[in-house]
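Please read these notes with the structure open beside you. They go element by element.

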Amino acid sequence: MTSCVAATPSLRNNLIKLIEETELNTVVIDIKSYDGHISFMPNDEKLKVAIGGCFVSDMQDFVDDLHSRNIYVIGRLAVFQDHLMVKLHPELAVKKASATSTSWTDFKGISWIDASAKSHWDYTVALARSAHSIGFDEINFDYIRFPADGNMKDIWYPESGSQKKSDIIRSFYEYLHDSLSPEGIIISADVFGMTTTNTDDLNIGQILENTLPYFDYISPMVYPSHYPPNFMNLGNPNDHVYEVVKISMDHAIERTIATTTTVILPNARIGTSSPAIYTKPSFDKNKLRPWLQDNNYPVPYTAEMVRAQIQATYDSGLNSWMLWNAGNRYTRSALE
């Protein structure tokens, strides 16, 4: 549920009705989107500078109402994609390499905070605490990565320098965990779908094994439309939505429950074998809670296609999933 829908009673009531009349039991509400605006009244004065956009004036009452209906409420927080903070703190922004005083933007014209900016880490934690204090059951962190699209040949990270992207992002995960988990705040991470099958960092800093120790839930965005043609020799991914989700989550589960990995983990190498093997804890597979696609991109997604993704999740052995549609129009006939 975007903040604009949450701020409009007639629109949000339609989604509440959908939840109450189907198998759905949870809603994800934007508390800070890519524009950087906070959608609720925070209890921390320092955060109020970011209030704006589609503001939900009755957010606390709304969360209370959802709870009265036994609906689990997640607050989604876009982290390093933050147009407002770039405007307020341009020194923290990702810059153009060819013009180092100019903020870099991606293909959508969105500017980014350099992921190494520690003051933005503090800001993110303060916002998470504030959302938790008004009743959000869980804080979901999105865009916890480096940029992925745009002119990547003309990009400069003033805070990160030449540090390894995956090390920076792992340190941020650890910071979130150490700051919020001891306070009983449930936290989750959105990651690219291909983190389930790739062991490199996809040039954005995200590696599945690095998320596992630090979050209560990890949500790979296994939208078939976001996969490359011929992924796993499937041809057009949109023609094989069950297989895309099943293969992706099977791989993710295997890596989650494993006790060893080829992914470099600090102080965990076993022997001198090549390729190197590292020890890791085995985690509960149900930490994994994928985002599934319910939007018409690049082809119309039918109820059967949505249900096939849900079934693939269950057939992998997982017990939960979430649906995404940017316009917040969900397919009732795909739901029990």
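The points below take the helices, strands and a few single residues in turn.

1. Status of the model. This is a predicted model. Please keep that in mind for every distance and accessibility quoted here.

2. Helix α2, length. Helix α2 covers residues 9–21. Its 13 residues should span 18 Å at 1.5 Å a residue. The end C-alpha atoms are 18 Å apart, so the span agrees with expectation.

3. Helix α2, buried face. Which residues of α2 are buried? They are Arg12, Leu15, Ile16, Leu18 and Ile19. These residues cover an arc of only 155 degrees around the axis, so they sit on the same side of α2. The general rule helps here. An α-helix has 3.6 residues a turn, so residues three or four places apart point the same way. The buried residues of α2 pack against three elements: α1 (3–6), β1 (26–32) and α3 (59–68).

4. Strand β1 and its partner. β1 is mostly covered, with six of its seven residues buried. The strand pairs with β2 (residues 72–78). The two run parallel, and six bridges link them. At Lys32, the bridge partner in β2 is Leu77. Together, β1, α3 and β2 form a β-α-β unit, and this unit is right-handed.

5. Ser68. This residue belongs to helix α3. Is Ser68 buried or exposed? Its relative accessible area is 54%. The cut-off for exposed is over 50%. Ser68 therefore counts as exposed. Its side chain still finds a partner: it reaches the backbone oxygen of Asp65 at 2.5 Å.

6. Strand β3, burial. How many of the five residues of β3 are buried? The count is five of five. Glu138, Asn140 and Asp142 point one way from the strand. Ile139 and Phe141 point the other way. Residues on both sides are buried.

7. Strand β3, pairing. β3 pairs with β2 and with β4. Five bridges join β2 to β3, and the two strands run parallel. Gly75 has Ile139 of β3 as its bridge partner. Four bridges join β3 to β4, again in a parallel run. Here Glu138 is matched with Ile186 in β4.

8. Asp142. This residue lies in strand β3. Its relative accessibility is 7%. The cut-off for buried is under 20%, so Asp142 counts as buried. What does its side chain meet? A polar contact of 2.9 Å joins the side chains of Asp142 and Arg76. Leaving aside neighbours within four places in sequence, Asp142 also touches Leu77, Ala78, Val79, Asp190 and Met221. An acidic residue listed among the buried ones deserves a look in the viewer.

9. Ser160. Where is it? Ser160 sits in the loop between β3 and α6. At 3% relative accessibility, Ser160 is buried. Residues up to four places away in sequence are not counted in its contacts. With those set aside, Ser160 touches Asp114, Ala115, Ser116, Phe146 and Ile168. One of these, Ile168, is itself a buried residue of α6.

10. Helix α6. This helix has 16 residues, 165–180. From first C-alpha to last it reaches 23 Å, close to the 22 Å expected at 1.5 Å a residue. Its buried residues are Lys165, Ser166, Ile168, Ile169, Arg170, Phe172, Tyr173, Leu176, Ser179 and Leu180. What covers them includes α5 (118–133), β3 (138–142), β4 (186–192) and α7 (208–211). β3, α6 and β4 make a right-handed β-α-β unit.

11. The sheet of β6, β8 and β7. These three strands form an open sheet in the order β6-β8-β7, and the pairing is antiparallel. Which strands are at the edges? They are β6 (260–261) and β7 (269–270), each pairing on one side only. Two bridges join β7 to β8 (residues 277–279), and these strands run antiparallel. Ile270 stands opposite Ile277 in β8.

Definitions and conventions. Residues are numbered from 1 along each chain as its sequence is written. This is a predicted model: local features need pLDDT of at least 70, side-chain atom pairs count only at pLDDT 80 or more; totals for chains, interfaces and linings use all residues. Side-chain values use heavy atoms; hydrogens and water are left out. The expected span of a helix is 1.5 Å times one less than its number of residues. Buried means under 20% relative accessible area, exposed over 50%, partly exposed in between (1.4 Å probe, protein chains only). The arc is that of the directions from the helix axis to the C-beta atoms. Contact means heavy atoms within 4.5 Å. Two strands pair if DSSP finds at least two bridges between them. A crossover is right-handed if, with the strands pointing away from the viewer, the path from the first strand over the helix to the second runs clockwise. A polar contact is a pair of N or O atoms within 3.5 Å; within protein, one must be able to donate a hydrogen and the other to accept it, and residues adjacent in sequence count only if both atoms are side-chain atoms.
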